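Please open the model in your viewer and keep the sequence panel beside it. The stops below are meant to be selected one after another, in the order given.

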Amino acid sequence: MKVLVTGSSGLIGSAAVRHYDSVGADVIGMDNNMRQEFFGPMGSTQWNLERLQKETKRFTHHSVDIRSREHVFELVKTIAPDMVVHCAAQPSHDKAKDIPLLDFDVNAVGTLNMLEATRQHAPDAVFCHMSTNKVYGDAPNELPLIELDRRWEYANPEHFHGISESCRIDQTLHSLFGASKTAADVVAQEYGKYFGMKVGVFRGGCLTGASHSGVELHGFLSYLVHVAVHKKPYTIFGYKGKQVRDQIENADVIAAFEAFRNRPRPGEVYNLGGGRENSASVLECIDLIAKISPYQVDYTLGDTNRTGDHICYISDLRKIKSHYPEWSIRTSLTDMLGRMIEMEEHKAAE
Ligand SMILES: NC(=O)c1ccc[n+]([C@@H]2O[C@H](COP(=O)([O-])OP(=O)(O)OC[C@H]3O[C@@H](n4cnc5c(N)ncnc54)[C@H](O)[C@@H]3O)[C@@H](O)[C@H]2O)c1
């Protein structure tokens, strides 16, 4: 099996590379370390590429930009992959406002390049497209909430499981990032539904893991662990620190791709986050770090929230679980944080 992974040095891409290499596939990565251009040296994923090159057996890397249609088509034609895992992106909600053209070119046009190259040169391939819950814009904030001591919570019991795929995606405040990812999400669905290709769209909640290169504007849990271990100050943007996110470990994301590869459903959309069991507010994550490690986060509460930021977002996982009952969340938030702290300590000691 030949698996082409875009964004292969990033968080989810590198987890896909490791997984498919470990099961004996030929894995071809595409990543031009554009994350460094977006976020500066701390956002660089070069360290992760070097680790992949040391630790894998059948992985080859190409520093190809997904915006470069000519190179993308050439590479997809040469490889003729059986599977494409598309993770390359400008991933930050907040960063997009400074670089709207670049953001759209990478997220929307880059995705179209990947889909069309696959349609022309590998039409039978399974194509997993990594989308985001920001396609719902701030519509999830319309649900009635109650304020608890350390978190916001849904007021109505019928919302207990969180946001489902039926949440509307238009006429809400997305951020430029949410808009470019919505364009990509809808185009990807069309390649499944219109062309009948085996395209699955996965709308991520908070995806994380020990190989995340977290920065202030993207990769909340990873950045929180970084500031905790390095005793740096941390600012919480609004909502009293009670904003809720659901965290999913990258291995559980890859397991969802695997379930889809085994029984693809063309053009289907799935919410994919940690769900109710792995949901926590920023304050609760800070409490958990203090509980399982010697680190205390030195934080200040800012008054202003990030524009369009979700107040309480929990992915409703009932659809993916009903289509793929073999899939479930395997890594708890506590285990995830423990591994991330260990990795941060390891990096600090290097
Ligand atoms: N991490 C999260 O919390 C989260 C949440 C929801 C959705 N997602 C989505 O999941 C996907 C993967 O996210 P991630 O957290 O692994 O991101 P990441 O930033 O860790 O990895 C993305 C990789 O893509 C590469 N890249 C960027 N532009 C490129 C280009 N033009 N050509 C080639 N490579 C390029 C970057 O260098 C980086 O290594 C993205 O589509 C993101 O929007 C992530």
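**An enclosed strand and its partners**

Begin by selecting strand β8 (residues 198–204) in this predicted model: 7 of its 7 residues are buried, so β8 is largely enclosed by the rest of the structure. With side chains displayed, Lys198, Gly200, Phe202 and Gly204 point one way from β8, while Val199, Val201 and Arg203 point the other way, and all are buried. This is the pattern to look for, since in a regular strand the side chains alternate between the two faces of the sheet.

Next add β5 (126–132), which pairs with β8 in the parallel sense over 7 bridges; within this pair, phenylalanine 127 stands opposite valine 199 of β8. Then add strand β12 (residues 268–272), which also pairs with β8 in the parallel sense, here over 5 bridges, and in which tyrosine 270 is the bridge partner of phenylalanine 202.

**The ligand and its shell**

Now select the ligand together with the 28 residues that surround it, the closest being Gly7, Gly10, Leu11, Ala89 and Gly204. Coloured by class, this shell shows 13 nonpolar, 10 polar and 5 charged residues. Which elements each supply at least two residues of the shell? They are α1 (11–22), α2 (34–39), α5 (100–121), β5 and β9 (206–208), and α1 gives the most, with 3 residues.

Stay with α1, which is mostly covered, 10 of its 12 residues being buried; among the buried ones are Leu11, His19, Tyr20 and Asp21. If you take the distance between the end C-alpha atoms of α1, it comes to 17 Å, which agrees with the 16 Å that its 12 residues should span at 1.5 Å a residue. Just after α1, select glycine 24, which takes a positive phi of about 90 degrees.

**A sheet of three strands**

Finally, move to β9, which belongs to an open sheet of 3 strands in the order β9-β11-β13, with mixed pairing. β9 and β13 (279–281) stand at the edges, each with a single partner strand, so one side of each is left without a neighbour in the sheet. Neighbouring strands here are turned by 40 degrees against each other on average, direction ignored.

Between β9 and strand β11 (residues 244–249), which run parallel, look for 3 bridges, and note that leucine 207 has isoleucine 248 of β11 as its bridge partner. Two helices complete the view: helix α7 (residues 220–230) lies across β9 and β11, running at about 55 degrees to β9, whereas helix α8 (residues 250–262) packs on the sheet, touching β9 and β11, with its direction making about 70 degrees with that of β11.

Key
Residues numbered from 1 in each chain as written. Predicted model: local features only at pLDDT ≥ 70, side-chain atom pairs only at ≥ 80, totals over all residues. Near = placed C-beta within 6 Å. Helix = DSSP H or I, 4+ residues; strand = E, 2+ residues; numbered from the N terminus. Nonpolar A, V, L, I, M, F, W, Y, C, P; charged D, E, K, R; others polar. Pairing = 2+ DSSP bridges. Axes fitted to C-alpha atoms, helices over the stretch in contact; angles between N-to-C directions. Contact = placed C-beta atoms within 7 Å. Expected span 1.5 Å × (residues − 1). Buried ≥ 20, exposed ≤ 12 C-beta atoms within 10 Å, placed from the backbone.
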